[in-house]
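Trainee: Could you take a close look at one part of this model with me, along with what surrounds it? I am in my first year, so please explain the terms as you go.

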Amino acid sequence: METLILFKNLLIFLIIIMMAFFVRKNNKVSHKLQKDMSYLLTDVTTPCLIITSMAVEFTEEKLIQARDAFIITNALFVFSYFLIYFLLKFYKVQEPNRSQIMVGGIFTNLGFLGFPLIFAMFGKEGLYIASIVNMVSNYFTYTMGIGLIKKNSTREGKLNVRDFFNNANIATLIGLIILFTGIKIPDFIYRVLEIVGGATGLFSMIIIGLMLGEMDLKDIFLEKITYLMSFYRLIIFPIILIAIFYIMPFNIDSLVEKIIVILFAMPVAAITGIFSAKYDVDPAFATKIVMQSTILCILTLPLILYLYNFL
């Protein structure tokens, strides 16, 4: 049943993506719309969605879920780094593509695709867990991720402290304070946050469609290495993760486990392309691995969830 729900939501997302794709392909809107909507998504709608997802009654179960999500996510990012580093010893890739593949193999598209999908499937209870995962992801993204990309850059650039205190992380901290203290958000403010946050899924799909509309789709599927990247990100790592959970000697919250499997089966993080463009490190290649894995995940995500539920 959950696999069917996931597939239906992905199909809905695909239709919205294709609508935006054709609008951009026919030059009905400009590149500026994508940039403006990306800002609204990351700095406005997503933080609102995070805060409302945490404005729930604090229980012991919520504390256990936060603990499990925090510990497991930290461990998985460290494990991901060493795994992709080890595998690349057997498949020689030149820099800067090697570092871009490492970033793509470690980080998934939590914000643009993960949040909307988790919210659609599990509601605010699932989004609360996803917010904890995202907070940990942001920390690793702006340390490990940006470091891997910047080492191949000829541009000067320092890591801005503001990168750590992005709006999504600030919203998560505010949400945790609300959760643990029991502070009640006034109804009219909550309603504003709920309406704005509700636009996150729509904005995400439109942005992905606009990005695809600026590319020649044939280019996305020409390079062999991009297929290997997608296969690892969408199939190999999620299966390894499911196996780890299967043989794990201790129990964790079942919803946390399921959401982590879904989030780590997401496509390559959009930040791979964003960082590559910002520091002028072969942005074309980064965009290809992001977009190809995004397209293929529509087929692979339901299979991964089915495998997880089957075991």
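Mentor: Happy to; we will begin with one helix and then work outwards from it.

A word on the ground rules: this is a predicted model, where local features need pLDDT of at least 70 and side-chain atom pairs count only at pLDDT 80 or more, while totals for chains, interfaces and linings use all residues. Residues are numbered from 1 along each chain as its sequence is written, and side-chain values use heavy atoms, with hydrogens and water left out.

Our starting point is helix H4, residues 97-106 (helices are DSSP runs of H or I with at least four residues, strands are runs of E with at least two, and both are numbered from the N terminus). Ten of the ten residues of H4 are buried, so the rest of the structure largely encloses this helix (buried means under 20% relative accessible area, exposed over 50%, and partly exposed in between, with a 1.4 Å probe and protein chains only). If you want to find them, the buried residues of H4 are Asn97, Arg98, Ser99, Gln100, Ile101, Met102, Val103, Gly104, Gly105 and Ile106. The cover over them includes H3, H5, H11, H13 and H14.

Zoom in on Ser99 for a moment. This residue of H4 has a relative accessible area of 0%, so it counts as buried. Beyond its neighbours within four places in sequence, Ser99 is in contact with Leu148, Lys151 and Asn152 (contact means heavy atoms within 4.5 Å).

Now look at the lead-in to H4. Pro96 sits in the loop between helix H3 (60-87) and H4, and a cis peptide bond with omega of about 5° joins Glu95 and Pro96. Most peptide bonds are trans. On the H3 side, Leu87 belongs to helix H3 and is partly exposed at 34% relative accessibility. The C-alpha atoms of Leu87 and Met102 lie 9.9 Å apart, with their positions 15 residues apart along the chain.

Two of the helices that help to cover H4, H5 and H11, lead us on to H12. Two packed helices are described by the angle between their axes and the distance between the axes. Helix H5 (residues 110-150) and helix H12 (residues 254-263) pack at about 175°, with axes 10 Å apart (axes are lines fitted to C-alpha atoms, for helices over the stretch in contact, and angles run from 0 to 180 degrees between N-to-C directions). That makes H5 roughly antiparallel to H12 (under 35 degrees is roughly parallel, over 145 roughly antiparallel, 65 to 115 roughly perpendicular, and the rest oblique). Among the residues that meet here are Gly114, Phe122 and Val133 in H5, and Leu255, Lys258 and Ile260 in H12. By class, this contact of H5 with H12 has 13 nonpolar, two polar and two charged residues (Ala, Val, Leu, Ile, Met, Phe, Trp, Tyr, Cys and Pro are nonpolar, Asp, Glu, Lys and Arg charged, and the others, Gly among them, polar).

H12 also packs with H11, at an angle of about 160° with the axes 9 Å apart. These two helices are therefore roughly antiparallel to each other. In this pair, Leu241, Ile242 and Phe245 of H11 make the contact with Glu257, Ile260 and Val261 of H12. Sorted by class, the residues between H11 and H12 are five nonpolar, no polar and one charged.

Did you spot Ile260 in both packings? Ile260 is on the H12 side of the contact with H5 and of the contact with H11. Leaving out residues up to four places away in sequence, Ile260 touches Ala69, Ile72, Thr73, Leu76, Val133, Leu241 and Phe245. Ile260 and Leu301 have the most contacts inside the largest nonpolar core, which has 105 residues (such a core is a set of buried Ala, Val, Leu, Ile, Met, Phe, Trp, Tyr and Cys residues joined through side-chain atoms within 4.5 Å). H5 gives the largest share of this core, 22 residues.

One last stop on H11, which spans residues 224-247 and holds Ala243. Ala243 is partly exposed at 37% relative accessibility. Its C-alpha atom is 34 Å from that of Lys151, a residue 92 places away along the chain; Lys151 is also one of the contacts of Ser99, which brings us back to the helix where we began.
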